[in-house]
Amino acid sequence: MALKIDPAKVLHVCQIPFLPVSFFKTHKIVSTPDLADQSLADSDNTDLIFESSGTTGETPSRHFIWDAGIYEKSLLSGFNQFYGALDQYAILALLPSYLERKNASLVHMAKTLMEQSGHPENGFYINEWEQLHHTLGRLEQQGQKTLLLGVTFALLDFAVAYPLTLKNTLVIETGGMKGRREELTRSEVHNMLKQQFDLGQIHSEYGMTELLSQAYAKAEGIFSCTNTMKVLMRDINDPLDVKETGTGCINIIDLANIHSCSFIATDDIGTIAPDGTFEVLGRMDHSALRGCSLMAM
């Protein structure tokens, strides 16, 4: 409305106006007037509220999830698309700082994956490294396919303290240094983890509080979108100049976000290849460092 764009004249995805992700900090982002009429404090009809960590004194993003079933269906179908049936995996989540606060989308994601997996060894870890080390070792001896999902700084700390040879375990880093370590490139992080875990590849997950869909990278930080997600690129200096390839700021179409906004202009900088795969290179200089931030170049 503010941009005076007639929806009937939008004939290509690059013509769609994208909402700055920062609006989730200052407004209740909903898709219908009925939902907007409810007070920000009224969550009686909300299945979930995802809330970003933010930094001290910063207003967090709040994402009101009116139907948790849509989120879970998107998450599970996306995971299956990349990794197959969840009941094959034991899932171990190393998520300090996220587990210590309410409404973290990453924690809910891991919980949903664990519930679908149903493996008796599934579990969350904060700083119980010795226990995690023993559990991984036991699962490796059993030949059990395992998923170690972790925030970047915690995976690095654990890998240095407890190096392992992992043959049946996928390690997926979710980004996030939160000032706990010197900022490293994704390549540097992956090389350290590959060395400590004797692995050929480290996987990555790309998601955020404001999205209900994810992208995954199985190698070298090259992400592919799940079926409900598409990535576009906008010019750093002209937010209305949107293209399907090239380098710039990342715009995301998230078709699972039907109750909030499916068109998000993020603060991440990246590059998109002609085949639709993309890399995340860092964040815009003016953007606040968030818990889901990825490593800067």
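In this predicted model, F158 has a relative accessibility of 0% and therefore counts as buried. The ring of F158 pairs with that of Y162 in a stacked arrangement, with 5.8 Å from centre to centre and 25° between the planes. The partner ring is less enclosed: at 24% relative accessibility, Y162 counts as partly exposed, because the limit for a buried residue is under 20%.

F158 belongs to the buried residues of helix α6, which also include T152, F153, A154, L155, L156 and A159. Helix α6 is mostly covered, since seven of its 10 residues are buried. What do these buried residues pack against? Their partners are the strands β4, β6 (146–150) and β7 (169–173), together with the helices α5 (129–142) and α7. A general property of helices is useful when inspecting such a segment: an α-helix has 3.6 residues a turn, so residues three or four places apart point the same way.

The packing of α6 (residues 152–161) on α7 (residues 186–197) can be described in detail. The two axes come within 9 Å and cross at roughly 35°, and the crossing is left-handed. On the α6 side, the contact is made by T152, L155, L156, F158, A159 and V160, and on the α7 side by V189, M192, L193, Q196 and F197. By class, nine of these residues are nonpolar and two are polar, while no charged residue takes part. F158 thus appears both in the contact with α7 and in the stacked pair with Y162.

Helix α7 also carries H190. Is H190 buried or exposed? Its relative accessibility is 5%, so H190 counts as buried. The side chain of H190 nevertheless has a polar partner, for it makes a polar contact of 3.2 Å with the side chain of S204. Apart from neighbours within four places in sequence, the residues in contact with H190 are E173, I202, H203, S204 and G221.

The aromatic residues offer a further route through the structure, which holds 13 aromatic pairs. One of them joins F50 and Y71 in an edge-to-face arrangement, with the ring centres 5.2 Å apart and an angle of 75° between the planes. This pair links distant parts of the chain: F50 lies in strand β2 (residues 48–51) and Y71 in helix α3 (residues 68–83), 21 residues apart. Both F50 and Y71 are buried. Elsewhere, F79, F82, Y83, Y89 and Y216 form one aromatic cluster.

Two residues deserve attention for their backbone geometry. As a general background, most residues other than glycine have a negative phi. N103, however, has a phi near 65°, a positive value in a residue other than glycine. N103 lies in the loop between β4 (90–94) and α4 (105–117), and with a relative accessible area of 32% it is partly exposed. E220 likewise has a positive phi, of about 60°, although it is not a glycine. This residue is placed in the loop between β9 (215–217) and β10 (223–225). Its relative accessible area is 51%, and E220 is therefore exposed, the limit being over 50%.

Attention may now turn to the segment before β1 (19–20), where C14 is found. Which residues does C14 touch, if those up to four places away in sequence are not counted? They are V242, K243 and E244. C14 and V242 are 228 residues apart in sequence, yet their C-alpha atoms are 5.2 Å apart in space. With a relative accessibility of 16%, C14 counts as buried, because this value is under 20%.

The chain as a whole provides the setting for these details. Its secondary structure comes to seven helices and 15 strands. Of the 297 residues in the chain, 51% are buried. Among contacts with a separation of 6 or more, 61% are accounted for by residues 24 or more positions apart. The contact of C14 with V242, at 228 residues apart in sequence, is one example of such a long separation.

Conventions:
Residues numbered from 1 in each chain as written. Predicted model: local features only at pLDDT ≥ 70, side-chain atom pairs only at ≥ 80, totals over all residues. Heavy atoms only, no water. Axes fitted to C-alpha atoms, helices over the stretch in contact; angles between N-to-C directions. Helix = DSSP H or I, 4+ residues; strand = E, 2+ residues; numbered from the N terminus. Left-handed = near helix turned anticlockwise from the far one by under 90°. Contact = heavy atoms within 4.5 Å. Nonpolar A, V, L, I, M, F, W, Y, C, P; charged D, E, K, R; others polar. Buried < 20%, exposed > 50% of the residue type's maximum accessible area, 1.4 Å probe, protein only. Polar contact = N/O pair within 3.5 Å; in protein donor to acceptor, adjacent residues only side chain to side chain. Phe/Tyr/Trp six-rings, centres within 6.5 Å; stacked < 30°, edge-to-face > 60°.
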